[in-house]
Amino acid sequence: MNRTARLVVFALGAGALAVLFVAALLKMPAFGADVHPYRDATMIAALLRRAPNVVTSINFDQRGLDTFGEETILLASVVGATTLLRPGSDERRRTPPGDGRMLHATRLAGYVLLPVTLIVGADVVVHGHLTPGGGFQGGVVLATGLHLAYVAGRYPALRRLRPLDWYEYGEATGMGAVVALGIAGLVAGAGFLANILPTGIFGSLVSAGTVPLFSVAIGIEVASGVVVLLAGFFEQDLAVRLRPKEDVA
Amino acid sequence: MSLYAYGVGIWLVLVGIAGVVRSRDLIHTVVCVSVAQSGTYVVLLAVGYQRGAVAPIFGSSSPPGTPVVDPVVQAMALTDIVVSATVTALLLALVIQVAKRHGTVVPDELHALRG
């Protein structure tokens, strides 16, 4: 259908959707009210399991199965994107250009902040059950911290810090660790991904049962997945080029 | 106030979908999908808000018993953000391959499915 017809159909559908939304709005509880039954239930559950960060407790303890599913989606997207970004049969991989002009201030800031960011990322992952954070957030911080090597230096510097095989194994290891945690729950008789370790003292590092372990596994998986994903885009932009015509049969 | 708070989220969703429909560039389409997803996060977080409540993390400064906002919708939004980032990356990889195979990123010019 041509463009105008498409816009008319969309306008009709969007109008109906907007009417439905407003009708739903008028029946919702007021914004900022204190009627939150799910919040009351999960707060009590999280305090019983000694996890001060209720959001992490929901993600890794009370609704661990949903997190398992989301993590699988992440793994599948990374596999799909990496497959799509492979060099094709009519392309070859050249050595990427090594240098360009870089401000000394940028280079210094990048080199100084890279270890700081990695440590902050590890802290966010490990303290997921105590402070705002967790596996997902910390994993993204770790992955982008690694790419400060590209911002500060050159692409070959990043490639040295990033042997891609290790990150692919890391992604699989993270996923496998979550499955192993789930099976440990099954073996202990409590159910898949149940919290079977002792819950410890409220607020200490080793507490809340399996939540820190789950958080670390997710952190490894997300960090490795994001690094692998970005590597595909970098290679596609900097290294993959069309094969010269005489090479193709 | 209710209408304004939820309305912002719903507006973002509708504008994102409108951008997808009207788009003349596949990269713009992918970014509009991302905008629509952001609208859903705003609606989720607005549902969970309570006036005068703090973040749902207990510690020495907010002992158990202080009113907190709803953590369930925050957990939903958090996993959703990370997953949608990788799905956006998958869509962009698709756009790169489309540009290579068909030479164009204008959706209206992409007609036939070539085998």
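The expected span of a helix is 1.5 Å times one less than its number of residues. Helices (H or I, at least four residues) and strands (E, at least two) are DSSP runs, numbered from the N terminus.

The legends below describe a predicted model, in which local features need pLDDT of at least 70, side-chain atom pairs count only at pLDDT 80 or more, and totals for chains, interfaces and linings use all residues. Residues are numbered from 1 along each chain as its sequence is written, while chains are lettered from A and ligands numbered from 1 in the order in which they are written.

**Figure 1. Helix 1 of chain A (residues 3-27) and its exposure.** At 1.5 Å a residue, the 25 residues of this helix should span 36 Å, and the end C-alpha atoms are indeed 36 Å apart, which agrees. A residue is called buried if 20 or more other C-beta atoms lie within 10 Å of its own, exposed if 12 or fewer, and partly exposed in between, with C-beta atoms placed from the backbone. The number of buried residues in helix 1 of chain A is zero, so the helix lies largely in the open. F21(A) is found in this helix, and with 17 C-beta neighbours inside 10 Å it counts as partly exposed. F21(A) and V179(A) are 158 residues apart along the chain, and their C-alpha atoms are separated by 40 Å.

**Figure 2. The two domains and the overall form of chain A.** The domain bounds come from an automatic or database domain assignment, which gives domain 1 (1-31) and domain 2 (36-247). The centres of the two domains, taken over C-alpha atoms, are separated by 37 Å. Chain A holds ten helices and two strands, and from the N terminus on its elements run α-α-α-α-β-α-α-α-α-α-α-β. The radius of gyration is taken over C-alpha atoms, and the globule rule is 2.2 Å times the number of residues to the power 0.38. For a compact globule of 249 residues a value near 18 Å would be found, but chain A has 24 Å. Along its principal axes the C-alpha trace spans about 70 × 55 × 45 Å. Buried residues make up 34% of the 249 residues of chain A.

**Figure 3. Helix 9 of chain A (residues 164-187) and its cover.** The 24 residues of helix 9 should span 34 Å at 1.5 Å a residue, and the end C-alpha atoms are 34 Å apart, which agrees. Y167(A), E171(A), G174(A), M175(A), V178(A) and L181(A) are buried in this helix. What covers these buried residues includes helix 4 (64-84) and helix 10 (211-238) of chain A. Helix 9 is followed by G189(A), whose phi is positive, near 90°.

**Figure 4. The crossing of helix 3 and helix 10 of chain A.** Axes are lines fitted to C-alpha atoms, for helices over the stretch in contact, and angles run from 0 to 180 degrees between N-to-C directions. The axes of helix 3 (residues 54-62) and helix 10 come within 9 Å and cross at roughly 85°. Angles under 35 degrees count as roughly parallel, over 145 as roughly antiparallel, 65 to 115 as roughly perpendicular and the rest as oblique. Helix 3 and helix 10 of chain A are therefore roughly perpendicular to each other. Their contact is made by T56(A), S57(A), F60(A) and D61(A) of helix 3 and by V211(A), F214(A) and S215(A) of helix 10; two residues are in contact if their C-beta atoms, placed from the backbone, lie within 7 Å. F234(A) also has its place in helix 10 and is partly exposed, with 19 other C-beta atoms within 10 Å. F234(A) and Y155(A) are 79 residues apart in sequence and 8.8 Å apart in space, C-alpha to C-alpha.

**Figure 5. Chain B and its side that touches chain A.** Chain B has three helices and zero strands. Its radius of gyration is 19 Å, whereas a compact globule of 115 residues would have one near 13 Å. The C-alpha atoms of chain B fill a box of roughly 60 × 30 × 20 Å, taken along the principal axes. Of the 115 residues in chain B, 27% are buried. In the interface, 42 residues of chain B are in contact with 48 residues of chain A. Helix 1 (2-22) and helix 3 (71-102) are the elements of chain B that give two or more residues to the side touching chain A. Helix 3 of chain B gives the most to that side, with 16 residues.
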